[in-house]
Amino acid sequence: MRELVLHCPEAQAEALSDALLEAGVLSVSVEDAESDTEAEQPLFGEPGTEPEVQAWRHNRVVALLPDGADPEQILEQVRVMGGLDYMAGGWSTRDVPDADWVRLTQAQFRPIQIGQRVWIVPSWHRDDPGVPELGASRQAGGPIHLQLDPGLAFGTGSHPTTHLCLEWLEANLQPGETLLDYGCGSGILAIAAKMLGAGPALAVDIDEQAVLSTRYNAQINQVELQALLPDELPAGQVQLVVANILSNPLKVLAPMLSGRVQPGGRLVLSGVLERQADEVAQAYAPWLSMSVWRARDGWVCLHGQRS
């Protein structure tokens with residue numbers, strides 16, 4: 001195993017950590033880059049004087065890389081996602097001593113409740129007290145339990161953009177509504193939609209491994225959907241299109257995604273930073289009027305209805 005080590009100022013530590021996780025690293029820790037020196041700072045002050053930003057003046061951000069991961073590719077994804085050059089402080093990699101990485105990784109992932117009904121539950125926590133039983137979603141209005149184990153790059157439900165999309169589905173999905181989840185990753189949105197009462201659902205990703213992951217997750221969660229590569233997507237329109245990707249591909253895909261929404265249907269987009277919301281909405285303006293539904297931690301969920 002290897003770790004990627006970067007340096008960044010206080011204001012960028014949280015955003016850099018989020019971007020690294022979204023780019024597919026297994027875990028991230030933030031350390032005081034000046035520890036064990038005269039410039040070392042305590043992070044927490046006396047009661048009432050705690051810093052607003054939970055980071056040091058100079059930070060060392062350490063990311064655990066999946067086997068075979070290219071650190072330069074991950075850093076390029078981080079740069080594109082954040083819109084900032086996090087590499088300005090330099091970066092390096094270092095080997096990590098052998099350890100029980102399965103146990104250590106599992107310890108980081110616990111059940112997540114999203115909204116009022118949706119639970120994301122790793123398989124090793126499915127029997128925990130307080131976690132709804134698998135299949136409880138069959139009860140109308142009851143909790144939705146998605147069994148989802150973390151993969152290398154396909155999403156575990158922890159990112160704010162995924163939370164926003166799941167909350168939108170819980171609040172707005174209509175029973176029997178046909179669905180296209182474009183950029184499905186682990187299939188989390190399409191699977192949740194099916195459990196919430198969606199009709200026929202399509203899940204599409206450009207990564208063949210993501211398609212296989214979606215099929216597997218649909219099977220263990222006892223839902224039926226079609227997981228496909230883009231070239232396999234049949235012609236036609238649906239009532240609801242959901243795409244949680246990133247702003248640049250969303251802008252490029254605007255004609256195609258808009259064209260997949262039937263008249264009167266709706267489009268939901270996320271993976272968009274607050275400062276990018278207007279330009280993404282403008283890309284869709286010839287087909288739909290998009291607006292911000294909700295924002296969280298610097299990210300937004302856009303939605304619109306085709307006339």
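Which residue in β7 does tryptophan 119 stand opposite? Histidine 145 is the residue in β7 that stands opposite tryptophan 119. The views below come from a predicted model.

**View 1. The whole chain combines 9 helices with 14 strands.** The chain has 307 residues. Of these, 47% count as buried. The exposed surface of the chain comes to about 15,100 Å². Carbon and sulfur atoms supply 49% of that area. Take the contacts in the chain with a separation of 6 or more: 68% of them link residues 24 or more positions apart.

**View 2. Three strands, in the order β5-β6-β7, make an open sheet.** The pairing in this sheet is mixed. Strands β5 (112-114) and β7 (144-147) form the edges. Each edge strand pairs on one side only. From one strand to the next, the twist averages 20 degrees. As background, strands of a sheet pair through backbone hydrogen bonds, either parallel or antiparallel.

**View 3. Strand β6 meets β7 in parallel.** Strand β6 covers residues 118-121. It is joined to β7 by 4 bridges. Look here for the pair from the opening question: tryptophan 119 stands opposite histidine 145 in β7. For orientation, β7 spans 144-147 and is an edge strand of the sheet.

**View 4. Helix α4 lies across β5 and β6.** The helix comprises residues 160-172. Helix α4 runs at about 50 degrees to β5. Strand β5, residues 112-114, is an edge of the sheet. In the strand order β5-β6-β7, strand β6 sits between β5 and β7.

How values were computed:
Residues are numbered from 1 along each chain as its sequence is written. This is a predicted model: local features need pLDDT of at least 70, side-chain atom pairs count only at pLDDT 80 or more; totals for chains, interfaces and linings use all residues. Side-chain values use heavy atoms; hydrogens and water are left out. Helices (H or I, at least four residues) and strands (E, at least two) are DSSP runs, numbered from the N terminus. Buried means under 20% relative accessible area, exposed over 50%, partly exposed in between (1.4 Å probe, protein chains only). Contact means heavy atoms within 4.5 Å. Accessible areas come from the Shrake-Rupley method with a 1.4 Å probe; for residues, only the protein chains shown count as cover. Two strands pair if DSSP finds at least two bridges between them. Axes are lines fitted to C-alpha atoms, for helices over the stretch in contact, and angles run from 0 to 180 degrees between N-to-C directions.
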